[in-house]
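Below is a brisk report on selected local features. It covers a buried strand residue, two helix pairs, some sheet pairings and a few unusual backbone angles.

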Amino acid sequence: MIELKNGGVYYCGKFYDSVESLPENVKNTTALECSKNTLSYPILNSHNVGTSEDRLNIKFDALASHDITYVGIIQTARATGLDKFPVPYVLTNCHNSLCAVGGTINEDDHAFGLSAAVKYGGIYVPPHIAVIHQYMRECYAAPGKMILGSDSHTRYGALGCLAIGEGGPELVKQILGKTYDVDRPKVVAVHLTGKPSHGVGPQDVAIALIKAVFANGFVKNTILEFIGEGVSNISMDYRIGIDVMTTETTCLSSVWETDSLTEKYLKKHGRGESYKEMKVDRPAYYNGVVELDLSKVEPMIALPFHPSNGYTIREFLENAEDILYGVEQNAAEVFGGKTAGFSLRDKLIGGKFCVDQGVIAGCAGGGYENLIAASEILKGQTTGNGVFSLSVYPSSAPVQYAAMRAGAMESLMLSGATLRTAFCGPCFGAGDVPLNGGLSIRHSTRNFPNREGSKPGEGQLSAVALMDARSIAATARNRGVLIGADQFDYNDVVPEYEYNPEIYNARVYSGFGKPDSESKLKFGPNIRDWPEMAPLTDNLLLKVAAYITDPVTTTDELIPSGETSSFRSNPERLAEFALSRKVPSYVPCAKAFREFETARREGSLDKMNTEEIDKVFSALGTKYSSDTGFGTVVYAYKPGDGSAREQAVSCQKILGTWANIAKEYATKRYLSNLINWGVIPFILNEDLNCSDGDYIYVEGIKNAIEKEESHVNASIVRKDGTVENVKLGFAPISKTDRQIILDGCLINNYRH
């Protein structure tokens, strides 16, 4: 099904191991020249405003945010000189669409977003109209373009558009005329052959791909290029469904060859003039290859707690007892023993595996063809009136309208499925939370721990398995008994999609190029400015406030999703949730130690009880000096997998965290967030031999960063007073990155 080829290869209709082995008519070339013949090279070059071929300074064609992130982005930009949006900036409202938590908070954020679109010249998409990525596909993404979004699933490669998901500060840079700086990424080809079998959907292909490349880091921070004859064998909706899930491979971005189907899609959406053909028609150099035969993909299931934990449904059902035992053991590790009473094996009843809920939703699952396929599988059938339920969230109002006209919504409703609006909630635990002990099967983007809304600390624990809409519908038809869509005959001919823009014309505010500087921003009581953050001091005394030894720590564990999203516009209030489900002691520890730093800045340290820090300096054989700052440090093996949201770091900074220490950082976007919030990204290859409550003294940290040193010497002071020296390396950071850290954060840097 999937084969990985590591190392440099050349593509010219097929793959070759060296320049010398290329056909005679193209042999007279070099690796460097061939690297310029990839799909992504000309796109990157046309957006690079710098002079270096290796270190790119990118300016994007458009920006996109949703209502969990845009308030913080605009507030940050306001603090550093925002005048107007220089490129189209789309503000969608698909994450906090409902006012279920926090009183008026969510709708206050929406009012702020509309007022910002009016004042600065933005595009505002009201709640329930479209999820962020579907709107960008329909209205902005095009071949050769680049789009930056403050959501990790910013992926529009199926339209020939390089799109990247990053933390909010990277969008702030674009808004203020700065650049997105990145080393030229490596490029990996995903070579598609064959044609999908009946009952196999895009999520099945995506899960198979993620399973093959996630754990081994095969495509980490690369650009994936989808090429080969298999591309033409799948529709645009199918390509989009695979493409959006490439985020879970940990690649930087993705792009596909374009063809007549791409052109037809753009024409249908009123943007035919933006089409251009993109083909790899000259020898191209790739850093690796993923060979993927679409005809060999079977219906898949990604079990808790990661999209890479994939099995064919056939394989899973044949070995369910053993596989589920492994998942339960993993759950015990992930939740630190807070899994009493939680079992998935109890869903094996009479040799059948029974699930509690099905959801088809969001930027991955709510597409037109997925809805049509699900409706055909369920036509004339019912989901039953037992425990199992099915809910469906179209990706946009135009998709919902087209599916309604095609009769899909009627079939789904008559089957017992309930219909929702365009909303991303099921992807992060803000909609259709399963019952305690329940298992939900979802065509959405992630099944990380707690992402379905459970709270292990309060004895509430459920789980999500990812599947394609087709097999979810098949399971719904089977009354919740797991089965693949390939086991049913159904009509898989899709009626022509008819896009109607009038829904957007009636409700979307399109203000790009028309800023009204006299207009006032509308603030709600929960919308607060960022607190003042100090520049880096000469030395740092760091208290270990979180010591995590899991193989990977997700951003959902660093700042939980779900109900916390209502407080995203209030930095101090949101910070109360930081690491709350992973390390409950982190917030009180960080807040208590932050008092020393507050007193230092105010010059009132002499009025505090300093016995705690006096013991540390006594163990070091020195005394405290005023050029030493106080803060906390978070240690984790590999933090930052998952969401792009910068709150995973900004909450740490607000609570006084000055550094992370890791063996490696899971994604570039998390590393960017650390830098932009002035949190030092240390690297330590071996285990850090300490625990919560120990201290790390970093003498000369400011000097080391100023002089662009590769490491700095530090001392671990344990609670028993023993001291051990350690050498902390710096993750790859540029001179510009170092200045941001020295200034204390990006906001200070711009003021500086």
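## A buried valine and its surroundings

Valine 633 sits in strand β26, which spans residues 628-636. The model is predicted. Buried or exposed: which word fits valine 633? Its relative accessibility is 1%, so valine 633 counts as buried. The cut-off for buried is under 20% relative accessible area.

Leaving out residues up to four places away in sequence, valine 633 touches Leu542, Lys543, Val544, Ala545 and Ala546. Valine 633 also touches Thr657, Ala659, Asn660, Ile661 and Ile696. Histidine 110 is 523 residues from valine 633 in sequence. In space, the C-alpha to C-alpha separation of valine 633 and histidine 110 is 35 Å.

## Two helix pairs

Helix α22 covers residues 647-654, and helix α23 covers residues 668-676. Their axes come within 9 Å and cross at roughly 30°. Angles under 35 degrees count as roughly parallel, so α22 is roughly parallel to α23. The crossing of α22 past α23 is right-handed. From α22, the contact uses Ala648, Val649 and Gln652. From α23, Tyr670, Asn673 and Leu674 take part. The contact residues of α22 with α23 comprise 4 nonpolar, 2 polar and no charged.

How many residues of α23 are buried? The count is 9 of the 9, so α23 is largely enclosed by the rest of the structure. Among the buried residues are Lys668 and Arg669, as well as Leu671 and Ile675. Just after α23, glycine 678 takes a positive phi of about 70°.

The second pair joins helix α13 (residues 368-378) and helix α16 (residues 469-477). Their axes are 8 Å apart, and the packing angle is about 25°. That angle makes α13 roughly parallel to α16. The crossing of α13 and α16 is right-handed. On the α13 side, Glu369, Asn370, Ala373, Ala374, Ile377 and Leu378 make the contact. They meet Ala469, Arg470, Ala473, Ala474, Ala476 and Arg477 in α16. The residues of the contact of α13 with α16 divide into 8 nonpolar, 1 polar and 3 charged.

An α-helix has 3.6 residues a turn, so residues three or four places apart point the same way.

## Strand pairings

An open sheet is formed by 6 strands, in the order β8-β7-β4-β5-β6-β23. Its pairing is mixed. Which strands stand at the edges? They are β8 (162-165) and β23 (509-510). Each has a single partner strand, so one side of each is left without a neighbour in the sheet.

At the β23 end, β6 and β23 run antiparallel and are joined by 2 bridges. Tyrosine 124 has tyrosine 509 in β23 as its bridge partner. Helix α5 packs on this sheet and touches β4 (62-65), β5 (89-92), β6 and β7 (146-149). The direction of α5 makes about 155° with that of β4.

Elsewhere, strand β3 (residues 55-58) pairs with β9 in the antiparallel sense over 4 bridges. Here arginine 55 has aspartate 183 in β9 as its bridge partner. The side chains of β9 (residues 180-183) alternate. Tyr180 and Val182 point to one face and are buried. Asp181 and Asp183 point to the other face and are not buried.

## Backbone outliers in loops

Most residues other than glycine have a negative phi, and most peptide bonds are trans. The table lists two positive phi values.

| Residue | Phi | Loop | Relative accessibility |
|---|---|---|---|
| Histidine 128 | about 75° | between β6 (123-125) and α5 (132-139) | 31% |
| Threonine 250 | near 75° | between α8 (236-243) and β12 (253-256) | 6% |

With a relative accessible area of 31%, histidine 128 is partly exposed. Threonine 250, at 6% relative accessibility, counts as buried.

A cis peptide bond also appears, joining proline 304 and phenylalanine 305. Its omega is about 10°. Phenylalanine 305 lies in the loop between β14 (300-302) and β15 (310-312).

Methods
Residues are numbered from 1 along each chain as its sequence is written. This is a predicted model: local features need pLDDT of at least 70, side-chain atom pairs count only at pLDDT 80 or more; totals for chains, interfaces and linings use all residues. Side-chain values use heavy atoms; hydrogens and water are left out. Buried means under 20% relative accessible area, exposed over 50%, partly exposed in between (1.4 Å probe, protein chains only). Two strands pair if DSSP finds at least two bridges between them. Axes are lines fitted to C-alpha atoms, for helices over the stretch in contact, and angles run from 0 to 180 degrees between N-to-C directions. Angles under 35 degrees count as roughly parallel, over 145 as roughly antiparallel, 65 to 115 as roughly perpendicular and the rest as oblique. A crossing is left-handed if the near helix is turned anticlockwise from the far one by less than a right angle, and right-handed if clockwise. Contact means heavy atoms within 4.5 Å. Ala, Val, Leu, Ile, Met, Phe, Trp, Tyr, Cys and Pro count as nonpolar, Asp, Glu, Lys and Arg as charged, and the others, Gly among them, as polar.
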